[in-house]
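Student: I would like to work through this entry carefully, one question at a time, before using any of its coordinates.

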Amino acid sequence: MTATDLSLATPAVAASDNRSAPGRPVRSRGWRLVGYAALVLAAAGLLLPFYWMVVASLKTNSDVFTIPITWLPDPVVWRNYLDIWQRSDMMTWLGNTLLLSVVVTLLQVVTGSFAAYGFARVRFPGRNALFLAYVGTIAVPWQSYMIPQFILMSKLQLSNTLWSIVALQAFGAFGVFLMKQFYETIPEELSESARVDGLSEFGIYRRIMLPLSRPALASLALLTFVTTWNDYLGPLIYLRSPELRTIQLGLNTFISQYNAEYALIMTGSVLSVLPVAVIFLLGQRHFIEGIATTGLKG
Amino acid sequence: MSRNTVAGWSFILPNFVGFAVLTLLPVVVLFYVAFTNWNVFGVAEWTGTANFRRMWDDASFWTALRNTVYYTVFHIPLTLAASLGLALLLNRKLRGVRFFRTVAFFPYITSIVAIAVVWNQLFSPEYGPINALLGAVGVDNPPGWTTSSTWSMPAVIIVGTWRYMGYYMLLFLAGLQTIPAQLYEAAETDGATPWQRFVHVTLPGLRHTTFFVTVLLTIESFKVFDLILVMTGGGPGQSTLVLSQYIYQKSFEENQFGYASAVSIVLFAICFSITVIQFMVNKRRNS
């Protein structure tokens, strides 16, 4: 299994036991060439901005925009990566973002999977109406209720604290929805026989469902982590003090402060993307699985 | 209360408390604030439909609405075509498809701020690689992109499509893999051309996925905000001002929470009715 192995995740492929060769075969040589040409072209278009980001971050400032365009940095300016730590609060921003992402992810995974079990496996009056309320809010744009939410958070004295972002992100309907979809694929008989053996609902959740749902939990954790890491509007509204800034806010203030330092701005951008990129490459199999099975994101 | 009710609620409660207070309650309160003149400092005073009447005469509101529709009308078909095209391409047995799938998904997980700043450099009218490329293929007067009020919206739409196509590509890929291979074989035996196979096997097989993707894309397009805020700030002038941003401006910058809530209700109503219409159309087509 390579690091770039995305196909395992799509359910049909995983199920068909056709792991090494997904998709339909291409017979004629001509079509294959056309296919490769299209792939290379598409990949170039998709990757160009990232290539530009990395290359510009290693250039001197005056080399970023030259005519004709230089596609390789010469000289290679590694110093940019030292300078940015001295000229910005990168450490604080990364620290805040990491803290938030980890706490939100933990809460989302724990309370989300717990609630999902209640919705998927325990029958009680009002369950469906309650679940509908959860799903319904997924379709409501956040911008349309962010104002009352902000008022409420201010009343709870949460605004301008890191807790506001935790409160905002940790109890979303998305986690509940994703985990419920997954629990429903686990055969009911499994829980039935456990009930006959005298296991409580909580026991079934902990001993049977939790171990079985590790891939789904991992996918939820990764998605939540990345969403929280990249969130811009939430921190923009709630985190007013400079020492509370997340990487997205920090980077944006840095950009407006040093708007002519093109190379350094790119260095900051690379640093803001790097942690997520690493996590994505490590866990991408689960990412794709989560999306392919539910197709939703908060 | 039965044992099941207690058990069910105890599972749901930890999440539900947060969800009810922070999501459900605000959604309900929104419908109250929209009929008041609340501005954070004073008391909320009931003003009836005054906010909505004001909106009717508010040129900036109509500009924001028009721009949002502009973004949506181009972003949806472009992203549909691009993501379906990518999915078809990456559903082939070609060397390296897995690498390409990762590449396609990568823009989706990177942050808006980084994306916006890089694309602004790429779009730079005089020194940017995009215009250099256009110049090389013989375009004499390449557009000013984010510095021009005509080209700023197309620029934003290009970046939006680039960012989201990988995500929808995955949904299409998952859909493609549910189409039985026998259908293609049968079509081939009957002598169907690749185009005929696409129209008569692939497209019908993807109906559910396409529907789902369109619903998600519509809501996502109407909500567009971060990308525009960081890339153009709504400008130049009001050329890329969208509804979400107008709500943000009116509330968090100008403290007119009542009026902003009224605009929010319009955004909510649009998203809600489009979703309902899409579901109804899909249901009728299925029956």
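Student: How far apart do the end C-alpha atoms of residues 12-35 of chain B lie?

Tutor: This is a predicted model, and in the UniProt record, an unreviewed entry, residues 12-35 of chain B carry the feature "transmembrane region". In the model that span is 92% helix and 0% strand. Its end C-alpha atoms lie apart by 33 Å.

Student: What share of residues 102-119 of chain B is helix?

Tutor: UniProt's unreviewed entry also lists residues 102-119 of chain B as a "transmembrane region". The end C-alpha atoms of this span are 20 Å apart, strand accounts for 0% of it, and the helix share is 89%.

Student: How many helices does chain A have?

Tutor: Reading along the sequence of chain A, one meets the pattern α-α-α-α-α-α-α-α-α-α-α-α-α-α. The count of strands in chain A is zero, and the count of helices is 14.

Student: What percentage of the residues in chain A is buried?

Tutor: Chain A exposes about 13300 Å², of which carbon and sulfur atoms supply 64%. Taking buried to mean under 20% relative accessible area, the buried part of the 298 residues in chain A is 53%.

Student: Over which residues of chain A does pLDDT stay under 50?

Tutor: For chain A as a whole the mean pLDDT is 79, with 86% of the residues at 70 or more. Where pLDDT is low, predicted coordinates should not be read in detail. That caution is relevant to a stretch for which the model has 44 contacts beyond four places in sequence, although pLDDT stays under 50 there: residues 1-22.

Conventions:
Residues numbered from 1 in each chain as written. Chains lettered and ligands numbered in written order. Predicted model: local features only at pLDDT ≥ 70, side-chain atom pairs only at ≥ 80, totals over all residues. Heavy atoms only, no water. Helix = DSSP H or I, 4+ residues; strand = E, 2+ residues; numbered from the N terminus. Buried < 20%, exposed > 50% of the residue type's maximum accessible area, 1.4 Å probe, protein only. Areas by Shrake-Rupley, 256 points an atom, 1.4 Å probe, with all protein chains shown as cover. UniProt positions renumbered as here; feature names shortened; annotations may be inferred. pLDDT = per-residue confidence, 0-100. Contact = heavy atoms within 4.5 Å.
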